[in-house]
Each structure stands twice: as structure tokens, then as C-alpha cells.
2 protein chains.
Amino acid sequence: MDLISYMQQTGKAAREAAAVLAAASTAAKDAALLATAGALAEDRAALLSANASDMARGREKQLQPALLDRLELTPSRFDAMLTGLEQVAKLPDPVGQVDDLRFMPSGIQVGRMRVPLGVIGIIYESRPNVTIDAASLCLKSGNASILRGGSEALASNQAIGRCIARGLAQAGLPEAAIQVLETPDREAVGQLVRMAEYVDVIVPRGGKGLIERISREAEVPVIKHLDGNCHVYVAAAADQEMARAIALNAKTQRYGTCNTMESLLVDAEVAAQFLPALAGDLAAAGVELRGCEQTLALVNGVVPAEESDWYEEYLAPVLAVRVVAGLDEAIRHINRYGSRHTDAIVTRDHSAAMRFLREVDSSSVMINASTRFADGFEYGLGAEIGISTDKLHARGPVGLEGLTSQKYVVFGEGQTRQ
Amino acid sequence: MDLISYMQQTGKAAREAAAVLAAASTAAKDAALLATAGALAEDRAALLSANASDMARGREKQLQPALLDRLELTPSRFDAMLTGLEQVAKLPDPVGQVDDLRFMPSGIQVGRMRVPLGVIGIIYESRPNVTIDAASLCLKSGNASILRGGSEALASNQAIGRCIARGLAQAGLPEAAIQVLETPDREAVGQLVRMAEYVDVIVPRGGKGLIERISREAEVPVIKHLDGNCHVYVAAAADQEMARAIALNAKTQRYGTCNTMESLLVDAEVAAQFLPALAGDLAAAGVELRGCEQTLALVNGVVPAEESDWYEEYLAPVLAVRVVAGLDEAIRHINRYGSRHTDAIVTRDHSAAMRFLREVDSSSVMINASTRFADGFEYGLGAEIGISTDKLHARGPVGLEGLTSQKYVVFGEGQTRQ
């Protein structure tokens, strides 16, 4: 079969399965999740061997070590897939929840019911465990999914897909509810993001390059996660010990995550006291500082920052540091140079904290906490399919609720409009 | 100034004003709405004269009577603009509302705060009163707006725009918070929908042609309202008197609205009893019926329906009628041929009603009520900027809340991530 026919057939099957899934009971969906965990456990040896063959092919092709690391299904990653399925099965089902049901003057009762989006396309890179993470969240939220992993993980993803198919069948749900694409052809992605008839939303998971390319090509709406250029602003009224602990945690707890601090703003009133102390902590952790002129005057060994540094997501032990004149300048800096991901203020001043909370236009805004908390698990969503830096629909960590929308429901007793 | 520079300057000014508006107090926004109503009342004579000149030019150009009708600012439409401004001023301010604030195991408190989308572009056709409707909803929800009305209403819209500017100035808000485009150049629309740097969402209001064209060209997300091919399904267990009243109201109360019934589905068990009675009512109202074979066998004078009739939004005294074998076939028909706008079931059977509610994939789904209720006012939103047939973000009537989104807010006391 040619690629276009294959993708059209996949899309059509997903659309049909979506209608069944939207009406499926919570019990059936949870049974499918647990049966998939059972199938994975049964096939453990076969799965690890499929993954070993992907790894061997990857080494032959001289893939980068970081990529090979992500590709590997270690025993702990394998177990995490099983635990993940069990956890998603335990989460409350968002589908069918009715909110704000109220009587209107006409006598009709109007509310909003949470419903699946329909068919979700997930495009991701080398990690085979994303296949299970993404599939389980789509299934629990009543959506059919089409999964497209990296070509380097094809054997692993196919083996996982066979376990999912058994799990669905055991629960009496259609196999097309979760489809793992079987072709390594890159043009499959191009088809997937343009099948607006069959696909309702695309969730890309991966590097910025992948996401930008998909957003450009897509005719289907994309829930996207671009940069995480996160800020901590140490205000004049900050508890300085608290500010040191938060800044150090936000920068150094992990360097490669999107909620890591990349720029530090310090109020001019406290910079002379605060910056040298923090710089010592950061130097001990091996973090390079790139600072504005005022920072250079206060701390030794700082590299002069260029305009481009204020925009940068380093994902590395590097931090841009700027001294600002006060709250207004801090907010302006963040809204101008930031990426609308996660930004925090450290202060004891209630009014300043509340103004920062309201006026910083980011998907997560924090008072006296580390930016590293911006995460679906830490926010109590139970799981996350990604973090959205968009403004429409879902902002910030996207869990089950972000994979649904609300329709209006009306209960009448024969009312007609006058 | 050339068009591109003019549009860029407009967009930049809107973006700057949006930051001010996002932080503006409810009192300031309400004061601007009431001051605009005052300015309109003061300028009544000048406004009606500007509108008269648009009407005269329209007649010269031999615009269609329906278009001229929409263009005219009658005294009652003028008064409705003032009342509308007062009503929007009275609505609760959605901005800053915090929901679901909860403590997490880490000790941080996480909630979601409602915030404006930013800059909204509104593209509409001949009705000058839309200028006030749209501007007032954008302002109250804390969004800057760029308004682009039809070229035939240019003088009216300019005159209204001057009143809005005075209202904003009196309340101390930036004039660029609401900008009425001053050029009749059609390419201004093309620019507006592609200025992703300055515009966050486009809301087109008008015919399907306008909306399709804008959706095709837009690089900015569009909240769109396409067809309203609405259904009423009369189930076997319907109260037949109720079903007759609802069907008659849904079809004949107004023919040209998007929530008017365009297709009627009748359960085969009751078709022989129900259809002839309803057909009499509809014939008396002058409605043409286009029916399936079973309908033709039951009612005289019905035109045979073609496949295309099931897709049709007639916006006219025409109704497609189909006899279906039961609930499953009704749901399948609606999800296949419908436009996901508004669909209703008439039945006394609770299980059938609840299945219909859940499984019909439309922005409004109703039990025992006329489809004509699908409307922001009838739903208690206080006002509506349009009705969305999209699945992401907002579905159904879009009021103030649909012009906002939710960001995460985190309150900590120095927590860091372990």
C-alpha cells in the first residue's frame, strides 16, 4: 500500500474508533490500561530484545550518545511504563463531568460537559516509553491516538504497540483506538499533520526544531511547547536566604529541563548584598554567569552578557544575570525576553507579589517557589502529556483535562423560544 | 504611510495597550464602557448622519437590500448599543479569577488564574453596531482589540471609533486598547490575520465565505463559526405534542439564524403518527419539506431529498426530513452530516436522552428543548462575541470567559524541588 493510502486508512480507522471511545465506560478504559500493563509484563523479554536491536542499529549508525541513552529501555524505564499505566488507570475520568449546571429564566437548565477532543496525533523522538505515556493519557481521556515515534525506535515501538493492541482487545475496545505507525517514512509526519478530516489536534514532544517544523507544516491545531526561558526575580523585599535557595535550586537541580531558570533578575537595592553571595554558590556548582554591567561591577569573573543572552534557553550550567531598577522593569524584561513558560518572584511584599502574579504573561507564575515545580506531577495533574506555551486552550502542564474540551448541554421539559 | 507600516504600527500599539489592559482595574474598564455610552449619546446626531452617508453611498453602489438593511443604524439599534455597553459594564470581570487553588504534597499551593488572551482581531461585515458589541467584550475581558468592519460602513465605524477613543481617554486607558482600522483596503485583513507577533486570536463574524477565506489565510489562531446544520431527533418515546412544538419552533421561529433546525430525524416507530401532524403545521407556515423515501410514503407533497440535502444549511423555509431506525442511527446521522453546532433529542426515555447527550459530538446538545436556545444570552453568558464550532479552546457561544485563558499560579514559602 502506498503511504497516502496507508495514512488515510489509519486516520479513518482512528476517527471511527474515536466515536466508540467517546462513549466507552471508565471501567472499559481502565481495564484496557491494566491489560496493557499485563501484556507488557508478559512480553518483557521480547520487548527488551526488540529494544536491543534498535540500540544495535543505532550504534551502527553512530547515533549520538545522548540519543542512544534516550532510546534505551532500561529495566527501571520498563517498570516505570507499568507503574504509569496503573497510575493513569487510577486517575478520575474527566469525560462526562458536567460543570456549572444552572437554570435559566426560560426554564432550561444549561451546563458544560467535558468531552474528548477526538483523534490526537502524537509525534515524538527517540524515547520508546513515550509510546505508553502518551497512549495511556489519550485513552483515559476518551481520545483515539495515532503515535509516531522516532525511526530509530521502530522495533521497540512496534513491540509496545502489539501489547497495547492486546490490552485493548481484552477490554473489548477497538484496536484502532491506539495506532502506532508502522512506517519509518518521514513523509508520514507530513501527512499526519495535514489530515484535518481525521485528526483533531497534534501534540509534538521533542526538541524545538521538531516542534517548529511541525507547527509550520500543520493544518491541524498543534498544542506546542517551545522555549523555556524561565526567570527568577529577586525583589528588594526578598528574604535573601530564601532567594539564594530558590535561585540555586531553579538553576542547578537539573540543567536540561524546560523549567530550569535561565535568567536571574535582581533588584538594584539588594544586588550588592545578594549577588556576591549567590555567585559563590553558583561558582561552586560550576555555573558560568553572563551579566549586565552592574553585575560585572559586583561580581568577579562574570562574562559580559550580550542582548541575545536575555533570550537564551541555555539548557546548560550557564545563567544570564541582570540588575533591574524595580518591579516594573522586572515585569517588562520578562514579558519582552521571556518565553511565557515559568517565572517566579521572591519577595515578602504582598502587593509586589500579587502584581507580579497578575502581570507576568506566562503559563506558570510563582511566588517564593522554584521554577522547577512547573510540572504536571507537582501540580497534581497525575500525569502530563506536555507543557503548552500557547495562549488558547491549555496553558502550562497539560494533563487529562487538556485533552478534553467542554460542550454545552441543555436539559429542557419542552421549552421553545419566544 | 503605506499599508504594511500602518498595520505594523497598529499591531505594535495594540500589543503595548494589551499589557496595560491586562493590569487595568475592573473599575477603569467599566468606566470606559459607560463613558463610551455617554460619548455615543452626545454624538447621536453626528453618528446618524455618518451612517446616512454610508447608506447613501451604498444605494449609489446598488448594494443588495439585505446588506443595506444590516448597514442601517436605526434608532432602536442605536439605543441597543448604549444598553449593550451598560450591560457589559455590569457583568462580572472574568480577569484575575483564581480557581482550584489547592495545596500539593510539596507544600506549594497551585491554582489557575483567568487572564486575557492579549490582542484580538475582529473582522466583520456591514453591521456598524458590531463595532460596539465586539469592542466592549474585548475591553471587559482585558484584551486589546483591532476592529475591521466592512468598507461600506466605514464612516459609521469611524464615528463610533471616535466615541470609543473618548470613552477610553476619560477612564485613563490607552486609546490603542480599541483601534478601528481607518483604511478600506482589503489587504488590511490579509495583514491582520498574519501578524502573529501582535495578534493572539482572530474572531471573524459574518458569512461562511468570509470565515473560510480568513481561516485559510490566517497564521493567527481563529475562533470560527462555520455552518449551523442543526437537528431535532424525535425518538420513539417522545411526547408527541412536545415534539411538534419543539420542531415547529426550531424551524420557524427564525429562518436565517445558525441555531435553526435544518434536518428533522423521526424514529420509524412513531413516524406514521408524528410526521403527518407536523407536516400540517409546517405546511401552514410555508415550509418546504425534502424527505427520505419513508417520509415520501407518509406525507404528500414532499420533495425527494438528495444526499446533499443532509449536509445543507438552508437558512430558509426548507427542511430535510429523514425516518431513522432508532437512537444509534440518529446519532450516526448527526455526527456524519451535521456541523457540530446544535442538536436536540425529544424523548421521555432517560437512558436514550443521556446517551444522545454524551455521544452527539456538537457544541450544544439538548434534551427536550428547541435548538433556538443555543445563544449566549439564553445560556446566561450576558453577551456573546460569536459561536464557536471548533473543538479546541471554546465550543458553542463564546462570552467573556472564551476571550480569556487560564495560567497556573503557585504560592510558595520558599519551597525548592528535591
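Two strands pair if DSSP finds at least two bridges between them. I keep that rule at hand for the strand entries below. The model I am reading is predicted.

**Entry 1: strand E12 of chain B**

I started at strand E12(B), residues 342-346. Which residue there is the bridge partner of B:Val234? I found B:Val346 in that place. The strand on the other side of this pairing is E7 (residues 230-234) of chain B, and E7 and E12(B) run in the parallel sense over four bridges. I then looked up E13(B). E12(B) pairs with E13(B) too, in the parallel sense and over four bridges. Here B:Ile345 stands opposite B:Ile367.

Next I checked burial. Five of the five residues of E12(B) are buried. I sorted them by direction: B:Thr342, B:Ala344 and B:Val346 point one way, while B:Asp343 and B:Ile345 point the other way. Both sets are buried.

**Entry 2: across to chain A**

I followed E13(B) over the chain boundary. Strand E16 (residues 404-415) of chain A pairs with E13(B) in the parallel sense, over five bridges. What is the bridge partner of A:Val409 in E13(B)? I noted B:Val365.

Then I took the whole contact between the chains. I have 56 residues of chain B in contact with 56 residues of chain A. On the chain B side, E16(B) gives the most, with eleven residues. Helix H1 (3-22), helix H10 (240-252), helix H14 (350-359) and strand E13 (364-369) of chain B are also among the elements that each supply at least two residues. By class I recorded 24 nonpolar, 20 polar and twelve charged residues on that side.

**Entry 3: symmetry**

I superposed chain B on chain A. The fit is a rotation of 180 degrees with 0.0 Å of shift along its axis, at an RMSD of 0.0 Å. The two copies are thus related as by a two-fold rotation axis. Which residue of chain B comes closest to the rotation axis? I found B:His393, whose C-alpha is at 1.9 Å. I also compared the two sides of the interface. The copies meet through the same surface, because 100% of the interface residues of chain B are also interface residues in chain A.

**Entry 4: cores**

I looked for nonpolar cores. The largest has 146 residues, and A:Ala177, A:Ile202, B:Ala177 and B:Ile202 have the most contacts inside it. Apart from it lies another core, of 57 residues, including A:Leu264, A:Leu319, A:Val365 and A:Ile367. I listed the neighbours of B:Ile202 beyond four places in sequence: B:Gly121, B:Ile123, B:Val193, B:Ile214, B:Ala218, B:Val220 and B:Val222.

**Entry 5: helix H7 of chain A**

I tested the length of H7(A), residues 154-170. At 1.5 Å a residue, its 17 residues should span 24 Å, and the end C-alpha atoms are 24 Å apart, so the two agree. Its buried residues include A:Leu154, A:Ala159, A:Ile160, A:Cys163 and A:Leu168. I traced what the buried residues pack against: helices H2 (26-42), H3 (44-60) and H6 (129-140) and strand E5 (178-180) of chain A. Just after the helix, A:Gly172 takes a positive phi of about 75 degrees.

**Entry 6: B:Arg102**

Is B:Arg102 buried or exposed? I counted 10 other C-beta atoms within 10 Å, and 12 or fewer means exposed. B:Arg102 lies in strand E1 (residues 98-103) of chain B. Beyond four places in sequence, B:Arg102 touches A:Gly380, B:Gln109, B:Val110 and B:Gly111. B:Thr295 is 193 residues from B:Arg102 in sequence and 57 Å away in space, C-alpha to C-alpha.

Key
Residues are numbered from 1 along each chain as its sequence is written. Chains are lettered from A and ligands numbered from 1 in the order in which they are written. This is a predicted model: local features need pLDDT of at least 70, side-chain atom pairs count only at pLDDT 80 or more; totals for chains, interfaces and linings use all residues. A nonpolar core is a set of buried Ala, Val, Leu, Ile, Met, Phe, Trp, Tyr and Cys residues joined through C-beta atoms within 7 Å. A residue is buried if 20 or more other C-beta atoms lie within 10 Å of its own, exposed if 12 or fewer, and partly exposed in between; C-beta atoms are placed from the backbone. Two residues are in contact if their C-beta atoms, placed from the backbone, lie within 7 Å. Copies are superposed by least squares on the C-alpha atoms of residues with pLDDT of at least 70 in both. The expected span of a helix is 1.5 Å times one less than its number of residues. Ala, Val, Leu, Ile, Met, Phe, Trp, Tyr, Cys and Pro count as nonpolar, Asp, Glu, Lys and Arg as charged, and the others, Gly among them, as polar.
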